[in-house]
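Visitor: I would like to go through this structure and hear the reasoning behind each label. Please show it first.

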Amino acid sequence: MVNQDKKLPTNSSEEKKNLGSKEDQEIIAQVRKMPISDKKKNDIIATMEMYSGPIPHPKILAGYEALDPGAAEKIINNGIEESVHRRTLETARQKRRGHLAWASMILLLIVCVIFMLGSFYLIMNGHKIIGSIFGGSSFVVLAGSFLNNIDELSKNNDISTNNQDKKDKSA
């Protein structure tokens, strides 16, 4: 039970963390702006029920069950199956990203080794300066690309999401 004599809480950042989602905070802010007494505002906020999740609130499930016996069980089973399916898709996506990371690293290594062998060939045939520049730059590209690929491919975000974010920032 909520103490009716307490003042309404302020809009501090700590309170916002405890209130839930942005939508929940907006609803509570609207209640606070209502032209009613603080006691009534406290009563409304204390009795508000906020719920989110893949399965409907138990009261809603009870309503479905009353309308169609067995419906609640079907809804719960569907929610569980959806969750399992989503996890399967996420696991497959992460495996594909891992394979993509390895393939890009191996391809990058092969290309850079070819450039370094070309550099060695140039140095051995009397082109020391251009061969050194060619070899040094290929090593720098190899190291930078490895670091960039590891960072880019080890994130949890989708690659397409990252590319869209980059496009949005450049526009």
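Guide: What follows takes the labels one by one and sets each value against its cut-off.

Visitor: What kind of model is this, and what elements make up the chain?

Guide: The model is predicted. Its secondary structure comes to seven helices and zero strands, and from the N terminus the order is α-α-α-α-α-α-α. Of the 171 residues in the chain, 16% are buried.

Visitor: How do you know that the length of α5 agrees with its number of residues?

Guide: Helix α5 has 54 residues, and at 1.5 Å a residue these should span 80 Å. The expected span uses one less than the number of residues. The end C-alpha atoms of α5 are 79 Å apart, so the two values agree.

Visitor: Which residues of α5 are buried?

Guide: The cut-off for buried is under 20% relative accessible area. In α5 the buried residues are Ala-71, Ala-72, Gly-79, Ser-83, Arg-97, Ala-101, Met-105, Leu-108, Cys-112 and Ser-119.

Visitor: Why is Leu-117 called exposed?

Guide: Leu-117 is found in helix α5. Exposed means over 50%, and Leu-117 has a relative accessible area of 55%, so the label is exposed.

Visitor: Why is the pair of Phe-115 and Phe-134 called tilted?

Guide: A search of the whole structure finds one aromatic pair. The ring centres of Phe-115 and Phe-134 are 5.2 Å apart, and rings pair if their centres lie within 6.5 Å. Planes under 30 degrees apart count as stacked and planes over 60 as edge-to-face. The planes of Phe-115 and Phe-134 are at 40°, so the pair is neither and counts as tilted.

Visitor: What makes this a link between distant parts of the chain?

Guide: Phe-115 belongs to helix α5 (residues 71–124) and Phe-134 to helix α6 (residues 128–153), 19 residues apart. The C-alpha atoms of Phe-134 and Phe-115 are separated by 7.3 Å. For Leu-117 and Phe-134, 17 residues apart along the chain, the C-alpha separation is 9.9 Å. Just after α5, Gly-126 takes a positive phi of about 90°.

Visitor: Are the two rings' residues buried or exposed?

Guide: Partly exposed lies between the 20% and 50% limits. Phe-115, at 36% relative accessibility, is therefore partly exposed. Phe-134, at 31%, is partly exposed as well.

Visitor: How do you know that Asp-43 and Lys-39 form a salt bridge?

Guide: The structure holds two salt bridges, and one of them joins the side chains of Asp-43 and Lys-39, at 3.7 Å from N to O. The limit is 4 Å, so the pair qualifies. Side chains of opposite charge can pair when their charged atoms come close. Both residues lie in helix α3 (residues 38–47), four residues apart, about one turn of the helix. Asp-43 has a relative accessible area of 26%, so the label is partly exposed. Lys-39 has 47%, and is therefore partly exposed too.

Visitor: What makes Glu-90 and Arg-86 a salt bridge?

Guide: The side chains of Glu-90 and Arg-86 meet at 3.3 Å, N to O, which is within the limit of 4 Å. In helix α5, Glu-90 and Arg-86 are four residues apart, so about one helical turn separates them. Residues three or four places apart point the same way because an α-helix has 3.6 residues a turn. With 34% relative accessibility, Glu-90 is partly exposed; Arg-86, with 39%, also counts as partly exposed.

Visitor: What makes up the nonpolar surface patch, and why can Ile-106 belong to a patch?

Guide: Trp-102, Ile-106, Ile-110 and Ile-114 make a nonpolar surface patch of about 470 Å². Ile-106 is in helix α5. Patch residues need over 30% relative accessible area. Ile-106 has 47%, so this residue passes the area cut-off, yet still counts as partly exposed.

Visitor: What does UniProt list as "transmembrane region"?

Guide: The unreviewed UniProt entry lists residues 100–123 and 129–147 under that name. In the model, residues 100–123 are 100% helix and 0% strand, and their end C-alpha atoms lie 34 Å apart. Residues 129–147 are likewise 100% helix and 0% strand, with end C-alpha atoms 27 Å apart.

Key:
Residues are numbered from 1 along each chain as its sequence is written. This is a predicted model: local features need pLDDT of at least 70, side-chain atom pairs count only at pLDDT 80 or more; totals for chains, interfaces and linings use all residues. Side-chain values use heavy atoms; hydrogens and water are left out. Rings of Phe, Tyr and Trp (its six-membered ring) pair if their centres lie within 6.5 Å; planes under 30 degrees apart count as stacked, over 60 as edge-to-face and the rest as tilted. Helices (H or I, at least four residues) and strands (E, at least two) are DSSP runs, numbered from the N terminus. Buried means under 20% relative accessible area, exposed over 50%, partly exposed in between (1.4 Å probe, protein chains only). UniProt positions are given in the numbering used here, feature names are shortened, and annotations may be inferred rather than shown by experiment. Patches are made of residues with over 30% relative accessible area and no salt bridge: like charges are joined within 9 Å, nonpolar side chains (Val, Leu, Ile, Met, Phe, Trp, Tyr) within 5 Å. Accessible areas come from the Shrake-Rupley method with a 1.4 Å probe; for residues, only the protein chains shown count as cover.
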